[in-house]
Amino acid sequence: MHIGVPKEIKNHEYRVALTPGGVRELVARGHRVSVQAEAGTGSGYQDDAYREAGADVVADVDALWASAELILKVKEPQAEEVARLRPEQTLFTYLHLAAEERLTRGLIDSGATCIAYETITDDLGGLPLLAPMSRVAGRMAVQAGAHSLEKAQGGAGILLPGVPGVAPAKVTVIGGGVVGENAARMALGLGAEVTILDKSLPRLEVLDHRYQGRIRTVYSTTETLEVAVRESDMIIGAVLVPGAAAPKLITRAMLGEMRPGSVLVDVAIDQGGCFETSRPTTHADPSYVVDGIVHYCVANMPGAVARTSTQALTNATLPFVIALADKGWQRALADDAHFRAGLNVHAGQVTYAAVGEAFGLDVASTEQILKG
Ligand SMILES: NC(=O)C1=CN([C@@H]2O[C@H](COP(=O)(O)OP(=O)(O)OC[C@H]3O[C@@H](n4cnc5c(N)ncnc54)[C@H](O)[C@@H]3O)[C@@H](O)[C@H]2O)C=CC1
Ligand SMILES: CC(=O)C(=O)O
Ligand SMILES: [Mg+2]
């Protein structure tokens, strides 16, 4: 199969969809891989490394998109990339469609087969292609939040661990999944007082057992959210209903209950955000202030630590890319129910229920399409 890896074009996005090591695995299986010139530079992989791994390095982005059967990306396609997609092409990348109606309609109109990393599942009830980036974003969330607490960023001027004789900051994490646990671990390591809210009791039980009382676990309700809002110096939004738009858990009115200069880090922004006042920001201008509260809402946080993230992403995606390349998308999806959950759009139709629900669109059955 001919696989194309374009250079990412989203603001300050330095990741690339495949490391040279990943290319080598695919080429060894008889596939052709074309990588756009300088696609890996931001992750520390030069064109020569891709050539040595067996890829064609292509300067002409039009030629790359026009010839590849399978396009591998990191971020959701930007408008000029959507315009390049063709009906016979397969796109494999993060999509986050429930947060982006225009993108959803663009992919429908393209006629292409679009498989999202973030809705692929596993036997443990996890999201194995979202998890590596969630680990990165969770760990970064605390760094970003700590910086936002500084006065120059509009923050309250609080040092996360405090100092002897001065209490540490209170950090609340809403959603104790992969992002949430990684954020909590970092905040704990920096000496903050950490609370995790979640709606899943089994998940709170795991966290309670794992951290042996060093992290407080609290069941998430309107009441406990209100307490968190009043008491926290930093709140990290890390909830997910897979494939669906994030629920708005902190309203604008609730900001008035927070101490001025407190910080909201909305990691769930790629699914639309879990705070009413969140809007997506970029690494170029990551935060803004509403009603005295600093908001950090970067939708591609891992892009800033591209070297780590690109390696972690390829580790997780490669087995699925190999299946697509070896078998074609129909058989790869037919053989693996977890992989099937990744199909979001095919031949002009939405195939993922939560995306259809978000925009009132009919949803086609992936199983029917595969029988087709
Ligand atoms: N901004 C960025 O750069 C990145 C954003 N993300 C996003 O972070 C979000 C979280 O991802 P993961 O941690 O991997 O998901 P996950 O599925 O591991 O965890 C989500 C947790 O939220 C909990 N939850 C759901 N609804 C809730 C509610 N109403 N109240 C409290 N808890 C609730 C679930 O029980 C679950 O434990 C996703 O939207 C993901 O796309 C992930 C990576 C990078
Ligand atoms: C998960 C995601 O959207 C990202 O890593 O940018
Ligand atoms: Mg994102």
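# Two ligands and a pocket

User: What makes the pairing of Asp270 with an oxygen atom of ligand 2 a polar contact?

Analyst: In this predicted model, a polar side-chain atom of Asp270 sits 3.3 Å from an oxygen atom of ligand 2. The cut-off for a pair of N or O atoms is 3.5 Å, so 3.3 Å qualifies as a polar contact.

User: And which distances go with the side chains of Arg15 and Lys75?

Analyst: For Arg15, an N or O atom of the side chain is 2.7 Å from an oxygen atom of ligand 2. For Lys75, the value is 2.6 Å, again from a side-chain N or O atom to an oxygen atom of ligand 2. Both are within 3.5 Å, so they count as polar contacts too. As for cover, the protein hides 96% of the 210 Å² of accessible area that ligand 2 has on its own.

User: What makes Tyr94 part of the surroundings of ligand 2?

Analyst: Being near takes a heavy atom within 4 Å, and Tyr94 is listed around ligand 2, so it meets that test. Others in the shell include His96, Leu130, Met133 and Pro302. Sorted by class, there are 5 nonpolar, 2 polar and 3 charged residues.

User: How do you know that ligand 2 lies between domain 1 and domain 2?

Analyst: Look at who supplies the shell: domain 1 (2-119 + 306-371) and domain 2 (131-299) both give residues to it, so ligand 2 lies between them.

User: Moving on to ligand 1, what makes its pairings with Val179, Asp270 and Met301 polar contacts?

Analyst: Check each one against the limit. A backbone N or O atom of Val179 is 2.8 Å from an oxygen atom of ligand 1. With Asp270, an N or O atom of the side chain is 2.9 Å from an oxygen atom of ligand 1. With Met301, a polar backbone atom is 2.8 Å from an oxygen atom of the ligand. The cut-off is 3.5 Å, so these pairs pass. The protein covers 89% of the 870 Å² of accessible area that ligand 1 has on its own.

User: Which helix gives the largest share of the shell around ligand 1?

Analyst: That's α6, with 3 residues. Both α6 (131-148) and α7 (178-189) supply at least two. In total 27 residues surround ligand 1, with Ser134 and Asp198 among the closest. They split into 15 nonpolar, 9 polar and 3 charged.

User: What lines the second largest pocket?

Analyst: It has 22 lining residues, and Lys10, Glu76, Gln78, Glu100 and Leu103 lie nearest its centre. Two or more residues come from each of α4 (79-82) and α5 (101-110). The largest share, 3 residues, belongs to α5. The space inside is about 470 Å³.

User: Why would Glu76 be called charged and Leu103 nonpolar there?

Analyst: Glu is in the charged class and Leu in the nonpolar one, so Glu76 and Leu103 are sorted that way. Over the lining, that gives 9 nonpolar, 5 polar and 8 charged residues. Domain 1 and domain 2 each contribute at least three lining residues.

Conventions
Residues are numbered from 1 along each chain as its sequence is written. Chains are lettered from A and ligands numbered from 1 in the order in which they are written. This is a predicted model: local features need pLDDT of at least 70, side-chain atom pairs count only at pLDDT 80 or more; totals for chains, interfaces and linings use all residues. Side-chain values use heavy atoms; hydrogens and water are left out. A polar contact is a pair of N or O atoms within 3.5 Å; within protein, one must be able to donate a hydrogen and the other to accept it, and residues adjacent in sequence count only if both atoms are side-chain atoms. Accessible areas come from the Shrake-Rupley method with a 1.4 Å probe; for residues, only the protein chains shown count as cover. Domain bounds come from an automatic or database domain assignment. On a 1 Å grid over the protein atoms alone, a cavity is a set of points where a 1.4 Å probe fits but cannot get out, and a pocket is an open set with protein on both sides within 12 Å along at least five of seven lines; lining residues have an atom within 4 Å of a point. Grid points are joined across faces, edges and corners, and a volume is the space filled by probe spheres set on the points. Helices (H or I, at least four residues) and strands (E, at least two) are DSSP runs, numbered from the N terminus.
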